Amino acid sequence: MYQIVSATVGDFGIGAMSRYSPPKRKRVGRPSQPVIIASTLGVILVLAAIVAWCYYTSSLHKANLLTTERLDLKKDGFVIRSQTGIVIFKMEFRSGTLDLDSCSKEGQLLRCDKSMAGNIHFFIETVKPKDTVECYRVRWDELEEHRLVEHVMSCSGSYWYGGAETWLQHWPIVLKGHQAPKPFITGDIHSNHQAFGGILERYWLSSNATAIKINDSVPFHLGWDETNRTLWFQARYNDSPYRPDPDNPHHVTLSYRVCVGLDVTSIHKYMVRRYFNKPNKAPSEAVFRQPIWSTRALKEVNQERTLKFASDIQKNGFNCSHLELYDRYTSGYGEFELDPIKFPNASAMFQKLREDGFQITLWTHPFVNYNSVNFGVGIERGLFVRVPGSQLPALVRWWNGIAGILDFTNPEARDWYALNLRTLKNKYGVASFKFDAGETSYLPQQFSTFVPLQDPSTFTRRYTEMAIPFNDRAELRSGYQSQNISCFFRIIDRESLWGYTLGLKSIIPTVLTISILGYQFIMPDIIGGNTYSNLTGLPDRELYIRWLELSAFMPAMQFSLPPWHYDDEVVNIAKKFTALHESLVAPRVLELAGEVLYTGDPIIRPLWWIATDDEAAYKIDSQFLIGDDLLVAPVLELGKQERDIYLPAGRWRSYKGEYFDKGPMYLTDYPVDLDEVAYFVWSG
């Protein structure tokens, strides 16, 4: 049976209901002020939390928009990371910062429409041309008038190579002092030590397996800062020799491509195959095998001395690929006939030289001096670079006087120049020509050409094209986008010094740099350099010997000052190394020269080419490889008959027959006599 229990407070039952009476109504007053404040604060805190959450989720979304593959874009620059997350490339936007609210992501394309300074067109596009290479196309169009674009690349944390021939040449690049961005155009570093050299390309390569190529259309200026270890890439038209597109005269664009690979060698191979021209043939085999002999060092150039020079070459037992008649053989600069006073019977001289087995080349240049008989011809036919807005020639000063400079954008000037060279060739049986100068720095500050030059260095390219019909034995000393000109490119004149300022030590860094820029048929300057002692008239004897030994391992050798001007020992050393060049070096170089036509790979290679994970190899500037299997370590120090040698991993056999197979290793104070060059052959 159920038991009924009396209800208590809070119970709901019959008992509770029977006793329930409603409470008396109390007077309700207004809420107190602390309660209102607390409620308001609560509402504010809730709203703040909602806003914070929205901002957080929006930030996560924006961060995702500004990342593509391994690149992170920020308002003031971008970084590229390795597969392990390490930053391997860093670029800062120096001329302006991005308004990230204007940025969007579409697939592999990051795009922004505004900077903090105004409207722009900016994008970074990711391109994967192959599984092992990842590239980023970067473009900043400045839509505000008369503004420049400047990006700053960090060189910290890696070694960098490329760019240009320079007066003080190091390998890898060494940044000295602070240089505001200046036009990146070809120049004569022999006469202007602050210029960029006669051979340059807008390409740099890093030991971090990254490479950067500035687009051809950019009005490109380069600067640097030693303290921060940065290169400055700037695009501008104001106060610059670059000329804007007439259809878009006020807007500036900086565009470039950064590519990342597995290692430095593989990424360079990709860049060369993708972006550099290739020659379609190799120069004459004879030039690779036998030395060139130049009349440059002769006190006077005339018929008698030229014939005697040729006779002395043979009398002393030397071979000759060709004899170069250098300078002072015409009556005036800009003329194309031998001086009848110096060469009273030029035809007979050339006939005699050919009978004795000599091929002959002639020195030429793009200048016509104002006192030349051809100066009037050039004015009458409009063959010269002109004063802007005028038909008058824009006169320039070069090392042999004041002249007009031929306008190689003008088809008539090209035809006139080529016709004169062909006439000389046919009249005297000349084999080819040595094309001197051609640097943009020899253009006047203000000038006008038949075809307007948006990039002044295009003038260098047009000049190098004049060598194409004669390329079997032709020689150039300037180059810009000229890798497909199938002739030898000579490094700028060297001084008879030991150091890095156009001296003996500068040769290997310069040759390696030009090789990385895609020029593989390289000729070092004349053996011993060009500055002779005031006391003896000769370069230092030891310097001459060490220079000769290094040249023997280059693609071509060139004498001017003959070894018999010293003594019999020097003559014997010269014979030894010209023979070694022909028997050991030339066959390897010729094989590699054939490969250049398809690959563009260097003939003269840095040590890191075969040792990409060996940091020591990235800093070696006094050794080099011919191909992958011949390592050369010449002596480059005064008074030394020993040197330290670095051998990458592998089994190496020395020229003395020793084997070294515990590498990588340093051979400290390795003995190298005055008549020796240390070299090693890879043997597996």
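A disulfide, as the word is used in these legends, is a pair of cysteine sulfur atoms within 2.5 Å. Everything shown comes from a predicted model.

**Figure 1. The whole chain, before we zoom in.** The chain runs to 684 residues, and buried ones make up 55% of them. Its secondary structure comes to twelve helices and 35 strands. Take the contacts between residues at least 6 apart in sequence: 67% of them join residues at least 24 apart. As for the outside, the accessible surface is about 30300 Å², with 52% of that belonging to carbon and sulfur atoms.

**Figure 2. A look at the disulfide of Cys103 and Cys112.** The structure has two disulfides, and this view shows the one between Cys103 and Cys112, whose sulfur atoms sit 2.0 Å apart. The link is right-handed, with 105 degrees about the S-S bond. Are its two ends buried or exposed? Cys103 has a relative accessible area of 7%, so with the cut-off for buried set at under 20% it counts as buried. Cys112 comes in at 0%, so it is buried too.

**Figure 3. The disulfide of Cys135 and Cys259, a long way apart in sequence.** Here the sulfur atoms of Cys135 and Cys259 are 2.1 Å apart. This link is right-handed as well, with 110 degrees about the S-S bond. It ties together distant parts of the chain: Cys135 belongs to strand S8 (residues 133-142) and Cys259 to strand S16 (residues 252-260), with the two positions 124 residues apart. Both Cys135 and Cys259 are buried. Number the bonded cysteines in sequence order and the pairing reads 1-2, 3-4.

**Figure 4. Two more cysteines, Cys320 and Cys487.** How accessible is Cys320? Its relative accessibility is 13%, and buried means under 20%, so Cys320 counts as buried. Cys487, at 1%, is buried on the strength of that cut-off too.

**Figure 5. Inside the largest nonpolar core.** In soluble globular proteins, nonpolar side chains tend to be buried together. The largest such core in this model has 157 residues, and the members touching the most others are Phe435 and Phe553. Which helix gives the most to this core? That would be helix H12 (residues 568-599), with twelve residues. Domain 1 (67-275) and domain 2 (285-598) each supply at least three residues to the core. A separate core of 47 residues lies apart from this one, and its members include Ala164, Phe184, Ile185 and Val218.

**Figure 6. Phe435 and its surroundings.** Leaving out residues up to four places away in sequence, Phe435 has quite a list of contacts. Among them are the aromatic residues Tyr417, Tyr463 and Phe470. Leu421, Met466, Ala467, Ala474 and Leu476 also touch Phe435, and so do Thr364, Glu475 and Arg477.

**Figure 7. An open sheet of eight strands.** Strands of a sheet pair through backbone hydrogen bonds, either parallel or antiparallel. In this sheet the pairing is antiparallel, and the strands follow the order S1-S2-S3-S4-S9-S15-S14-S11. At the edges stand strand S1 (67-68) and strand S11 (178-183); each has a single partner strand, so one side of each has no neighbour in the sheet.

**Figure 8. The S1 end of the sheet.** S1 pairs with strand S2 (residues 71-74) through two bridges, in the antiparallel sense. Which residue of S2 is the bridge partner of Thr67? Look for Asp72.

Terms used: Residues numbered from 1 in each chain as written. Predicted model: local features only at pLDDT ≥ 70, side-chain atom pairs only at ≥ 80, totals over all residues. Heavy atoms only, no water. Core = buried A, V, L, I, M, F, W, Y, C linked by side-chain atoms within 4.5 Å. Buried < 20%, exposed > 50% of the residue type's maximum accessible area, 1.4 Å probe, protein only. Helix = DSSP H or I, 4+ residues; strand = E, 2+ residues; numbered from the N terminus. Domains from an automatic or database assignment. Contact = heavy atoms within 4.5 Å. Areas by Shrake-Rupley, 256 points an atom, 1.4 Å probe, with all protein chains shown as cover. Pairing = 2+ DSSP bridges.
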